[in-house]
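Reader: Please take a close look at one part of this model, and then place that part among its surroundings.

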Amino acid sequence: MEKRTLLIPALLDRHWPLLRWAFESERYHAAVLEEGAEELGLRHMHNDLCYPFVLISGQVLRALKSGRWDPAKTSVLISQTGDGCRGSCLIRLLRPVLDKEGFPEVPLLSLNTRGIEKSCALPVGPAMGLRAVAAAFWGDALLLMGNQTRPWEAEPGSVNACIARWEERLSKDLEANRNLTPGGILRRCREMAEDFQKIEKTEKDVQKIAVVGDIYCKYCRLGNWGLERYLEEQNCAAGINGLTWYALYYLDSHLDIGPAAMRYGGKVLAVLGGCLQDRFIEILREAGYTVLPPYRELKALAGNLNVTRCGLGSGWLLSAEAAAWVQLGWRKVLSGLPFGCLPGHIYGRSVYAALQRQLPGSLIVGVDYDASIREITVQSRIRMLIDCELE
């Protein structure tokens, strides 16, 4: 078959440069979209829809209108949770827009484990799974170590240069299917930790701000308006938990329905992923980095907090991550959500007060991201968190 370009909208800034290799095949060449197009998205999506809808729609339309890719040889990948999140409806909302704008020949492919939009499902095979697991852990390592090293770097840009070197090196591994065994994945994580430890650092006081919330607002600079950069400009370090915790949460909470083979495969993957995560955490902690407890311990922590047991959206994971960061000494927590995300507001914003009562000496501040909100409004709330003196 003729090779097609697979356009992937932005979602995971630190992971997509590596995860894109999971979708490389004889059939597809994966291309990650990076530039935003909020205004273009607003022309076609109602602003009452959640903010990621607007950004993803604008990105896809901008890419197809750019002339860079031939629409007849291009497909678009849309990740869908398959639960109460309205992101599960994005393909149905975006399809009429593409047809109207003159791109009826561009397929929209669905990536999910719930069996929705079966006619649009992207085939998932063992090779894709192996690459995805390795890329997820390696992306987590670069995310955690980068954010906990950059604010103290003696030479500006040294951390980003280190990340760029490793992205190139790991991309070659993924392309050649090297180091994809558990031993190979962990060996690379150990080598990265040794490399990051060699970066010269300065002694200075830096505020530690933990970031939790919706996946789009945690990991995507378009979804959080460059939050990591802004915090570092305010002499803060951003504590953002890894994607593999969310992946295990998704496998654990979203595989109650769907094909039997998918459910069984997901449970096996969750067990193997949990074992791999234990060793991954040990490596980073031995290198001096703060890492949240393994997924199973976060789940137990959520049960002890008794704030919510719901698995919609970020669900109980938001509360558990916030509490875990506070217990590790990151007492200021910023929760980012897209305005209009109903599961996020119900199972996120509604539990902040209850969490703070159970976590004395902590402060949790929520911010909404939306096309109708100005950046200064969000930054003023973040400043409130930064400037507050905790006892």
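Author: Helices (H or I, at least four residues) and strands (E, at least two) are DSSP runs, numbered from the N terminus. The model is predicted, so local features need pLDDT of at least 70 and side-chain atom pairs count only at pLDDT 80 or more, while totals for chains, interfaces and linings use all residues. Residues are numbered from 1 along each chain as its sequence is written, and side-chain values use heavy atoms, with hydrogens and water left out.

The part chosen is helix α6. Helix α6 covers residues 158-176, 19 residues in total. From its first C-alpha to its last α6 reaches 28 Å, close to the 27 Å expected at 1.5 Å a residue (the expected span is 1.5 Å times one less than the number of residues). Its buried residues (under 20% relative accessible area with a 1.4 Å probe, protein chains only; exposed is over 50%, partly exposed in between) are Ser-158, Val-159, Cys-162, Ile-163, Trp-166, Glu-167, Leu-170, Ser-171, Asp-173 and Leu-174. Among the elements that cover these residues, by contact (heavy atoms within 4.5 Å), are α1 (16-19), α5 (126-147) and α7 (182-197). After α6 comes Asn-177, with a positive phi near 60 degrees.

One of the covering helices, α5, has 22 residues, which should span 32 Å at 1.5 Å a residue; its end C-alpha atoms are 32 Å apart, so the two values agree. Helix α5 is largely enclosed by the rest of the structure, because 16 of its 22 residues are buried. The largest nonpolar core (buried Ala, Val, Leu, Ile, Met, Phe, Trp, Tyr and Cys residues joined through side-chain atoms within 4.5 Å) has 135 residues, of which Phe-23, Trp-138, Phe-280 and Ile-382 touch the most other members. Helix α5 gives the most to this core, with ten residues. Beyond its neighbours within four places in sequence, Phe-280 touches Phe-137, Asp-140, Ala-141, Leu-144, Leu-186, Cys-189 and Trp-245.

Asn-241 also reaches Leu-144, and its other contacts outside four places in sequence are Leu-143, Tyr-219, Leu-292, Leu-298, Glu-321 and Trp-325. Asn-241 sits in the loop between β6 and α11 (243-253). It is buried, at 0% relative accessible area. Its side chain makes a polar contact with the side chain of Glu-321 at 3.0 Å (a pair of N or O atoms within 3.5 Å; within protein, one must be able to donate a hydrogen and the other to accept it, and residues adjacent in sequence count only if both atoms are side-chain atoms).

Strand β6 leads to a sheet. It is an open sheet of four strands, in the order β6-β5-β7-β8, with parallel pairing (two strands pair if DSSP finds at least two bridges between them). At its edges lie β6 (236-240) and β8 (363-369), each pairing on one side only. On average, neighbouring strands of this sheet are turned by 30 degrees against each other, direction ignored (axes are lines fitted to C-alpha atoms, for helices over the stretch in contact, and angles run from 0 to 180 degrees between N-to-C directions). Inside the sheet, β5 (207-213) and β7 (332-338) pair in parallel over five bridges, with Ile-209 partnered by Lys-332 in β7. Helix α17 (375-387) lies across β5, β6, β7 and β8, at about 170 degrees to β8.

Another open sheet of four strands has the order β2-β1-β3-β4 and parallel pairing. Its edge strands are β2 (28-32) and β4 (108-111). Here too, neighbouring strands are turned by 30 degrees on average, direction ignored. Helix α4 (90-100) packs on this sheet, touching β3 and β4, and makes about 170 degrees with β4. Strand β1 is largely enclosed by the rest of the structure, because five of its five residues are buried: Arg-4, Leu-6 and Ile-8 on one side, Thr-5 and Leu-7 on the other. β1 pairs with β2 over five bridges, where Ile-8 stands opposite Val-32. Three bridges join β1 (4-8) to β3 (74-79); Leu-6 stands opposite Ser-75, and Thr-5 opposite Thr-74.

Ser-57 is the last residue to place. It is found in helix α3 (51-65) and is buried, with a relative accessible area of 0%. Its side chain reaches the backbone oxygen of Phe-53 at 2.7 Å. Apart from neighbours within four places in sequence, Ser-57 is in contact with Gly-41, Met-45, Leu-90 and Leu-94.
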